Each structure stands twice: as structure tokens, then as C-alpha cells.
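The following exercises are to be worked with the sequence and the coordinates at hand. Each task is followed by a stepwise solution.

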Amino acid sequence: MSLRAPAAMPGDRAVNEALAAEFGVSASEYEVALKALGRTPSYAEMGVISVMWSEHCSYKSSRVHLATLPTTGAQVVLGPGENAGAVDIGDGYCAVFKMESHNHPSFISPHQGAATGVGGILRDVFTMGARPIASLNSLRFGRPDHPRTKELVEGVVAGIGDYGNCIGVPTVGGEVQFDASYDGNILVNAFALGIAKQDELFFGRAEGVGNPVLYVGARTGRDGIHGATMASASFEDDAETKLPTVQVGDPFMEKLLLECCLEIFASGCLAGVQDMGAAGLTSSSVEMAARAGTGLELDLDAIPRRTEALTPYEMLLSESQERMLMVAKAGRENEVIELCQKWDLEVAVVGRVTDTGRFVCKATAGFDPLTGEGERAPTVAVDLPVDLLTDAAPKYDRPQRAPGVEMRSTLPSSAGVAALASPDAALAPTLYELIGSVNIGSRAWIYRQYDHIVRDGTIVRPGQGDAAVIRAFCGEHRKYLAMSVDCNGRYVQLDPYAGAAMAVAECARNVACVGATPLALTDCLNFGNPEVPETMWRFAKAIEGMAEACRVLNVPVVSGNVSLYNETAGRPILPTPTVAVVGQLHDLEDHLSMAFADPGDRVLHLGHPTQGRMGGSELWTSRFGRLAGELPSLDLQAEAALQRCIVALARARVLKSAHDVSDGGLAVALAECCIAGQVGASATLPGEGPHLHRAFAEDPSRIVISCDAASAARVEEIADEYGVPLSPLGEVVAGDALKLDDDSVSVAKAAHAHRTALDAVVA
Amino acid sequence: MPKLIARGVRTAVIQFPGSNADWDALHVARDVLGGDAYYAFHKATEINGGGAIPDLVVIPGGFSYGDYLRPGAIARFSPVVPALVDYAKKGGLVLGICNGFQVLTELALLPGALTRNAHLRFECRDVFVRAEGRGAFTEGVDEGTVLRLPVAHADGRYQCDDETLRRLDGEGRVAFRYCDGEGQLSTPSHPDAPSDALANPNGSVANIAGIYDATGRILGLMPHPERASEPELGGRSGTHDGKHLFNAALRTLEQTP
């Protein structure tokens, strides 16, 4: 324990309980810090403690729950704990992936917030030694007519595009939902996947006492200071005042960093590496030391900078982008330096690994390498135990309270329900309305702003199937991977356990519907304030539901991220535990799209027909203007059988198309198959209840498939073998008509509504 | 069809620090066409890759030096440029794709300029182009042949003065024009019209998608033939029309003494 207080530095403020509170550290947490240190922390130390103990870095409210998620399986190469997780894809290669939120920054500054979200997740992947080859994103915006929605959508999409397009990683898929609960707190969740050899993965470990620590990449500025703290607090209608906490992205710099890092990794001169993400230099140093059980000593005078008169506090808390911290093997730092020179990147030896278990930073008060001012005479500015900042950081099992039934599930007026249940309710106009709604319509306006084909690997493009399919070049092998990202916050709001399980089920089903076997999952758990017991209850229940679904469907969680305090002025978002599932195709020829192909093909319904429950559905939500009713039930065992069955059908090559039934129900799914194939169809709607319910109920575990007449018997055999119900719907028909029972819909008219759906927001 | 490898054809892919379709070009030249291909790094002062003079140089897509100023503007000052220009002036085959097209105009190896798309957004989708001009990358491709190729750019709106346009037209140097699936050119449209309704994805003058230099051996185009040269890309509804350009280059090389 160091009782000697660090030297004063320029700009230091008095450290006390009030400053701690300003930094988001509670009075009781401040007491913990005082007690552990045996003295008052310095200003820089207080900054370090506050960001490391922030919800964003410490997972203090979520850790006890996250520990219950299944994280193992034969396919898992690396579970949670590193910068990203990894799954085996054969021949010694693995897919490395993770998803992360950039919600708060994107709400404050949509373009930069979203762009740096992409940059951050890409660094998480390539810091593992993997070349990123695909991105996805999951976005949530407020109601379409909210005054900020247009600007936020345009800014976020352009920001994601700018970053991904420039660095050259294709954005191959994603999802978007609009709901008034996101009016004051949008969600931007970014996913990235890379490929590495299993025995060439790199880890964020400061291994080897005496090894030099190098700083590589962009110079440090004052952007993003306290970004992690900002991301760990609710907005109070004051988001615009937090602009200085948002980082600024430079995708060209990151492209240089990516290529340089991959060459440095290949040279074999590194002992460990970590990107400087949230909490920048501080978290990368501390986490690397913690994982290796070592200490780290940094010379802050040596930190490359772009701004004059930076203080230790500012250098330690800056979240300037496109920076990496590397630990080189002793004596091999020159190899790192030479490669950085090749790629015109800033590089400096800034410290060394120690055996003290402490995070020590030295700096000279008043010294500035940019101006040459000051004589270099470094003194200790920070001296903190690593474990106090990591394992011994505060951890909470926060109180939970189940919301009253009325808060979760109010029944709409019986007259409204009866109107939708009436046999006179018109189907065709409802279908045009739903398929042209902002939550169901085409996302082409968005994905056309993303380069989704760079790197010559995109097999199934956005909008063509239920999941993206890409090929990964693995030495002389080619691997075909599928991926999807999903969550319906309405379901989670109505029933967090079932809703979260349904998110996992739908995501894995999407991957299965293109013919791939789901392998593993990454998550991004977006919730409101965990100090509100009802929110904490939803969080805990959602984790339980996810965990169960992951176990039954055999998609272990290999990485993830938690984003709490997603609320403004006490109004929380819909609980949104977003999940992304990665799967693998056995063979490219197995891949399926959603498009109906040839007139005369049989159209079939795989799975149990609807039971007619409408809770959380797009139809009811749009009609009643609020969440209402009871969720359809999810049978995980039936879901698992369904997913195995669709993969078996794909591998038997007896199908022409497959498309899962989700938002908007069976009628919307059929219309989407027709639109994609530019053909008509004729179908009877199976299931229980009035015809609008059979058309638009959103029961999970259902897939619309088509096959030629000659294959129908084989399809039936395979469905039987897996114990999955199969019912005939009808057939693909030439022309423009989609016949649903006695109603007829124009495919061209539906296609127009679908194509122009986002005009309501961005036109 | 002649095989590139039979002639031992060498393809150099220029690698600026921000090139990002360099892999796409290398992959097609090497793995799809079976030739010998390598990267020519931007800091090198030669493009021979330590061997023979290449038969084909590809300037790939991407963001050469970040392109924050103007696409290709900094690339003009790149160390590799003198060797590239020397190669081009001596009659070497040069294919500038997307950012490569932008770089070729900045180097004045091709006339005109590529400016921000009319609708001001990045645009990634398949478009149709009609082959028109006579040159190395359309050798043996019938005039009027319609190809489906992907575009992915924010700055693809070709612009030039009237005299240049007359010259390009008069000398048969417009290699490709955006068209509909039947080969019909679209009439000028209002820039605010929904971009997916337009055959011309960026508002280029005279629907120009690609042009040749005066010798017909340097081609710049915005669409990406190297991302559409394999049957498996783009799924069951994908296109591999891009291979026409590479096969044409190969025919040209066969005829080159």
C-alpha cells in the first residue's frame, strides 16, 4: 500500500466526496477507495478510479447475472473475458466476434457516435489478431414523427457508412426498430466478425516483467474525456451539453492501424495487445495488467499528443480513437517501431511491465513535448493497485421488483380487439399498411449507404435472406458463415424472460433459415437505470430467458456488452437485449434465400400454426398505440427441432426458399417471399382465430418454405424425422396476385409500400 | 478461352494506404483468372514487384490517402505515381476501378472529374451498364452488351466540360454508360428522385460509368467488375458479368505482340 500521495499536477482539483459524485462515484464507493488507499486519491487517480468503476467498464450491476449465461461448448475456442469471443470454424481457423453499444454518444452526436462505435468494435476484433471481414448493426430510434428522428437516422447511418466503407469492412446486415420509448435515447449496437488462426490469437495481457509497453496509433487529444462515465449515466434532457465526451473517428487512421497491427502480430514480436477503447489508456493498461497478474508503469511524458498542455488526468481519461497499447517482447520493440514507420503511424515506448500489481504513472508537472516547455523530471502521478480497479471494484446485486401486471400487460379496449377479430376486417389494406410500416418495410435506404460487398465475400446480401452469408478465405480453405442480429423490445417489455428467449430463438432461426448451423452468440444488453428495481428485475429475467434459450439451442455466449442507464428524464427504453448469432454452412450450395422461385412450387408452413395470441404484435401495437396483450408462447424444444429440421432440409437441397415468420406474421412473410421473387402465390392461412389473427399473429418457431412438387414428399419425410409439423399453404403462382384465403393482394402494390416504407422518416 | 496463366500474365495491384478493394482485385487476378498477381506498395518507386514489367496494372477501390480533401487528390503525389505514369505512357494496360478511376482523373491520365453523387449519399447496389467504346477492356465485347455490375461509392458523378464530352463521344471513348436492364439510357432525372428508381446511380453526365484514354489502354470506371467475376458471389441471383472485362483484357494481351 502506498501512503505517499502523488505530486500535484497542473489543473488538479480538490478531491473530495463532491468531486467523486460529479465523476459518478457514490459516497459509499468513495469510502471504499479511501479505505483501500489509506489516503485521499490524487485528481488523476480519482479520474482513473471513476472510469474503471463506471458501469460501462466494471459491469458492477450486471456481473452477478452475466455469470449465469452458458459460455461453453465444443465449438467455443474463447469465451467472454477477452476483447472478443471466438468459435471454431474448422481447419485450425476461428471466427472472432463481438457486439458493443455506442448509444449515448450516438444520441449526442449521431454521425461521430455511430462511426466511432464501428471503429471501436473493429478494434476489439483485430486486437485479437483477426482480420475483420463483416459488420452488422442493430439500431433503435424514436417514433418516426419525433422532431429528432430524421436527423438521428441520417446521421447514424451516414456515420456507420463512413467508417465501415472507408476502412473496407462490409456491413452485411442489421436491423432497425422505431418506438417512442427510444425518443430520448436511441440505440446503436455494432457487431464485427473477423477470422484468425486458432493458434495465432492475441490476448490483452501485459505478460513478461520488464517487457516494454508501446503506444501505437493516433495522438492523444481532449476528445471523449469521461466518455465511459457519460455512458454510465442517464440523460436529463441535457444530452447536447455532453458533446465533449464524444470521440471523433478517423477511419483512414484505423485502416493504417489495422494493416500495421496485423503485420506486427505476424512478426511474432508481441507479448500482448489491447485497443484503447472506453476509458482509453487507463482501461487498456489496467485490464492488460489484471489479466496477466502483473503491474504496469507508464511514463506519461512520452505519450504522443496532438494538444498542448495535456494533464495526466486528461491523458489517462481521453478516449481519442484509433490507438493501441502493445507489450513487446523485450528487445524486439524496434520491430514494432519499424512497422509503424512503414504505415506512417505514431509510436512510442511509454512504459514497462512490472511485478508490483500496481498501476503507476509518472509525469513531469508542466512538461510539454509539443512546446518543449519544462525540464523533464517525472514524479509519480498515479499509484493504484490493479485489483482495486478490476476484480475488487464494487459489485452489486441490486434489488429487483416485479412490476405490477398493469405495468406490463394492459389489455386494449374490448371494442378495439373485437374490431380486429371481426370477419369483416379487411386483410389487404392491413397488409399494405404493415408491410409499408417503418418497422417492417424495406431497409434498402439504409444498407445501400453501406458498402456490403467489399472484400469479395458477400454471398447473401442484405434484404435477400433472413441472415447474411459471407465467405471467409482461410488459407486455401473457404468457410461460409451466416450471421444475424435481432431483438424485439416489445416482447421483452411484456415478458422479459420469454421475450429475451424469443430474441435468441429468432436470431438463431434466421441463421438456420439460410442453411447454416448456429454456432454461438454475442449480446448487447440495453436497459434503463439498474437502480430502479423494476428495471433490474427485467434485466435479471431477460438474462434467465436468454440463458435457457442459449442452452437449449446450443448457442453459447462468447462475448458481449451491457449498456445501462438508457433513459432520459426517467423514461426508460424498451428493454432491448440485442443478440447476434453466427452460424456456419456445411457447403455453399446449401444456402437459401427468401425469394419464391418458380410458379407451381409448393408453399409450406414448417412449425406449429398460430394460436392467435396478438400481444406485442406490430398489428396490435400500431392499432392500439401501446403495448398490450399476452405474448405468444415459445417452446424451446420445438424451436430446436425446427432449426435442426430447416438445416437438414437445406442440406438435402430440396428447398427453393425459406423465410422465418416474424414481425407482421405469416401474411407479411408470404408477401416478402413474393416481393423478393417478383411472383405471386396462393395460400390458405392455417391456425386458430379470426382471419386477421391468422394473418398477422407473430407466434415464433415458424418458417415459410417452398419446394418443387417433386420434392414435396422428401420434405415431408425430413419434417417427420425431426418431429416438426408441416402444413401445406398453397403454391407459387405466376402474376401479381398473392391470394390469402378469400382475399387478394397485389404484389406490386405491396412491393411499392415495402420499398418506400422509410420515406416516412427520411424523405 | 485463353488462360492468363498460359501467358504467365502478371497483374500489379497498386496499394495505397487506404486502398480497400486491393484484395478484391488481387483475388480475381490470381485466384479466379489464375494469373500471377502482387501488390505494388505506394512507397515503392517501381511497380514491377521485383520481377518483369506487369501486363496489367489495377488501381483498386478504396480511399487512397483517406480522401478527406477530394478522392485521389493526395494520391497524385504518391511515391509510386511516377512509375505508374511511366508504365501508362508506354502503353501498359491500366484498369482504375472506383477510387482508381478517381485517381486516374487526378493524374490527368483520364479527363474530367468524379464529384459527389447527386443525391449526396454513398450508394451500394447493382447497376446495369452498356458497353460502347472500343478499347482493351471491351475487346471482343459486342457494342450494346448490357452488364450487371455493383457500384459502391459516394463520389461517382462523372463530370467534364462540353468539349471533352464531345471528344469522348466522337472518339468512341465512353466505355460504359448506365442503363436499364434492357440497355435503355435514362433521360436526365431530377436529382431528388429516389436513387433506386434511377438507372444512373450518381447523376453522371451523359450516363457515363467508365471512359478510356485516347489509346484505349487505360480504363477508369466506377462499377466494380472485380466484385462480380464469380458465380457464387451475390447468391443465386448474383452476377458475374465483371469477368467480361478481364477476358477482354486477356484477348487484348493475346493480340499484343
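**Exercise 1.** Determine the handedness of the crossing of H7(A) and H8(A), and describe how the two helices meet.

Solution. The model is a predicted one.
Step 1. Two packed helices are described by the angle between their axes and the distance between the axes.
Step 2. For helix H7 (residues 110–126) of chain A and H8(A), the axes come within 7 Å and cross at roughly 35 degrees.
Step 3. The crossing of H7(A) and H8(A) is right-handed.
Step 4. On the H7(A) side, the meeting residues include A:Pro110, A:Ala114, A:Val118 and A:Leu122; among their counterparts in H8(A) are A:Leu152, A:Val156, A:Ile160 and A:Ile167.
Step 5. Sorted by class, the contact of H7(A) with H8(A) comprises 11 nonpolar, seven polar and two charged residues.

**Exercise 2.** Describe the side of chain A that touches chain B, by number of residues, by element and by class.

Solution.
Step 1. Contacts join 27 residues of chain A to 24 residues of chain B.
Step 2. On the side of chain A, the elements giving two or more residues are helix H8 (149–167), helix H10 (251–267) and strand E14 (458–460).
Step 3. The largest share, four residues, comes from H8(A).
Step 4. By class, this side of chain A divides into 12 nonpolar, nine polar and six charged residues.

**Exercise 3.** Check the length of helix H20 (residues 496–513) of chain A against its expected span, and establish its place in the largest nonpolar core.

Solution.
Step 1. At 1.5 Å a residue, the 18 residues of H20(A) should span 26 Å.
Step 2. The end C-alpha atoms of H20(A) are 25 Å apart, which agrees with that expectation.
Step 3. Burial requires 20 or more other C-beta atoms within 10 Å. In H20(A), 18 of the 18 residues are buried, so the helix is largely enclosed by the rest of the structure.
Step 4. The largest nonpolar core has 343 residues, and A:Met483 and A:Val504 are those with the most contacts inside it. H20(A) gives the most to this core, with 13 residues.
Step 5. Apart from neighbours within four places in sequence, the contacts of A:Met483 include A:Leu136, A:Leu193, A:Val511 and A:Val582.
Step 6. Just after H20(A), A:Gly515 takes a positive phi of about 100 degrees.

**Exercise 4.** Carry out the span check for helix H24 (residues 665–677) of chain A, and examine the residue that follows the helix.

Solution.
Step 1. The 13 residues of H24(A), at 1.5 Å a residue, should span 18 Å.
Step 2. Its end C-alpha atoms are 19 Å apart, which agrees.
Step 3. H24(A) is mostly covered, with 13 of its 13 residues buried.
Step 4. After H24(A) comes A:Gln678, whose phi is positive, near 50 degrees.

**Exercise 5.** Locate A:Arg653 and B:Leu120, and state whether each is buried, partly exposed or exposed.

Solution.
Step 1. A:Arg653 is placed in the loop between helix H23 (636–652) and strand E23 (657–660) of chain A. Its phi is near 55 degrees, a positive value in a residue other than glycine.
Step 2. A:Arg653 has 15 C-beta neighbours inside 10 Å and therefore counts as partly exposed.
Step 3. B:Leu120 is placed in the loop between strand E5 (113–115) and strand E6 (123–131) of chain B. Although B:Leu120 is not a glycine, it has a positive phi of about 70 degrees.
Step 4. Because B:Leu120 has 10 C-beta neighbours inside 10 Å, it counts as exposed.

**Exercise 6.** For A:Ser413 and B:Glu230, set out the loop, the exposure and a C-alpha separation.

Solution.
Step 1. A:Ser413 lies in the loop between helix H15 (405–408) and helix H16 (414–421) of chain A. With 10 C-beta neighbours inside 10 Å, A:Ser413 counts as exposed.
Step 2. A:Ser413 and A:Phe624 are 211 residues apart along the chain, and their C-alpha atoms are separated by 8.6 Å.
Step 3. B:Glu230 is found in the loop between strand E11 (218–221) and helix H6 (243–255) of chain B. It has 19 C-beta neighbours inside 10 Å, so B:Glu230 counts as partly exposed.
Step 4. From B:Glu230 to B:Ile53 the separation is 177 residues in sequence and 27 Å in space, C-alpha to C-alpha.
Step 5. Leaving aside neighbours within four places in sequence, B:Glu230 is in contact with B:Val32 and B:His240.

Key
Residues numbered from 1 in each chain as written. Chains lettered and ligands numbered in written order. Predicted model: local features only at pLDDT ≥ 70, side-chain atom pairs only at ≥ 80, totals over all residues. Contact = placed C-beta atoms within 7 Å. Nonpolar A, V, L, I, M, F, W, Y, C, P; charged D, E, K, R; others polar. Expected span 1.5 Å × (residues − 1). Buried ≥ 20, exposed ≤ 12 C-beta atoms within 10 Å, placed from the backbone. Core = buried A, V, L, I, M, F, W, Y, C linked by C-beta atoms within 7 Å. Axes fitted to C-alpha atoms, helices over the stretch in contact; angles between N-to-C directions. Left-handed = near helix turned anticlockwise from the far one by under 90°.
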